[in-house]
Amino acid sequence: MRKVLGLGVAGLVAIVVAGVSVSLAAPPSSSKGLLPDVIEEVPSHLTVQNNQQGEWLRFTTVHINVGAGNLQIRGGGQVAPCDIDGIHYDQCTVATQEILDASGAIVATQPAGVALFHPEHNHWHQSAVAEFAVRATIDGPPISAGVKITFCFVDVEFTGATGSAKKAQPRTYFECNGDLQGLASGWADSYHQSTPLQELDVTGLEAGDYYLTHLADPDDHWLESNEANNFTWVKFRLSRKGANPEITVLDHSDCVPKVICGFGGNP
Ligand SMILES: [Cu+2]
């Protein structure tokens, strides 16, 4: 398996070693804050792409903040190289989640992994946003993947209220930068299947039925109002009748309430 986007505890250690020092505030307190609740749309647009390196299952994923508060993540301000799962990044910074109250004031913070400049995407990513895997059963061991992916957050598509209530959920986060990014309440962000890294290696995988699973926030480094709704899956059949494998979707986890299944598509 190509290890291109893993990120873990080793990265945090490396950042500290590299000399970034940050002062993180006290343990999380959500008593006065409005918490985000990031959920995952069922992965869509499954296809297999063949290239010289092998066969790649590609898919679109969408993050939607259905919580009352924004997911807001601020970079540490100091930038240093780091090595994460064997991958070197020239620019990394400590990321901190900020919990806001209704007036937009910061009422709590907590460590939220690492923000890093991703050369292939040419912008800043947050660490450990999601974990993709192909499995024979929903909770079985990964056949492919198991790496934690990095991702930029930006408000792309509004999914929340309409009319006057919509004004209470303004588009807030516009750029994939290292200083500040997030997903405002009611907003969704997506990575289209054509985006680099929206892929898992399925080279030589024998024909059969499999699950593509998507776990958000696998390190549990965001404080959310519901921590139990971060997992989605698609069951698919891989057939090998012709030269190239074909994918047929058989089933999927429940669609996001109030949001159409297969909503995604913004590159
Ligand atoms: Cu990116």
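Start by selecting residues 187–191, which make up strand β12: the strand is mostly covered, and 5 of its 5 residues are buried. Keep in mind as you look around that this is a predicted model.

**Both sides of β12**

Show the side chains of the strand and turn it in your viewer. In a regular strand, side chains point alternately to one face of the sheet and the other. Which residues of β12 sit on each side? Trp187, Asp189 and Tyr191 are on one side, with Ala188 and Ser190 on the other. Both faces are covered, as each of these residues is buried.

**The partners of β12**

Next, add residues 54–65 to your selection. This is strand β3, which runs antiparallel to β12 and is joined to it by 4 bridges. To find one pairing by eye, pick His63: its bridge partner in β12 is Asp189. Asp189 is also among the buried residues you have just seen, on the side with Trp187 and Tyr191.

Now select residues 157–158, which form strand β10. β10 is antiparallel to β12 too, with 2 bridges joining them. Which residue of β12 does Glu157 stand opposite? Look for Ala188, which shares its side of the strand with Ser190.

**A stop at Pro142**

Move on to strand β9, residues 142–151, and pick out Pro142 within it. Is Pro142 buried or partly exposed? It is partly exposed, because 16 other C-beta atoms lie within 10 Å, while a buried residue needs 20 or more.

Then display Ala133, Val134 and Arg135: these are the residues in contact with Pro142 once its neighbours within four places in sequence are left aside. For a distance to try in the viewer, choose Phe132 and Pro142. They are 10 residues apart in sequence, and their C-alpha atoms are 9.0 Å apart.

**Stepping back**

Zoom out to the whole protein chain, which has 1 helix and 16 strands. Of its 267 residues, 44% count as buried. Among contacts with a separation of 6 or more, 69% are between residues 24 or more positions apart.

Finally, colour the chain by pLDDT. The mean is 83, and 82% of the residues reach 70 or more. Residues 1–30 have pLDDT below 50, and this stretch has 69 contacts in the model beyond near neighbours in sequence. At residues 263–267 the pLDDT also stays under 50, and here the model has 18 contacts beyond four places in sequence.

Methods: Residues numbered from 1 in each chain as written. Predicted model: local features only at pLDDT ≥ 70, side-chain atom pairs only at ≥ 80, totals over all residues. Buried ≥ 20, exposed ≤ 12 C-beta atoms within 10 Å, placed from the backbone. Contact = placed C-beta atoms within 7 Å. pLDDT = per-residue confidence, 0-100. Pairing = 2+ DSSP bridges.
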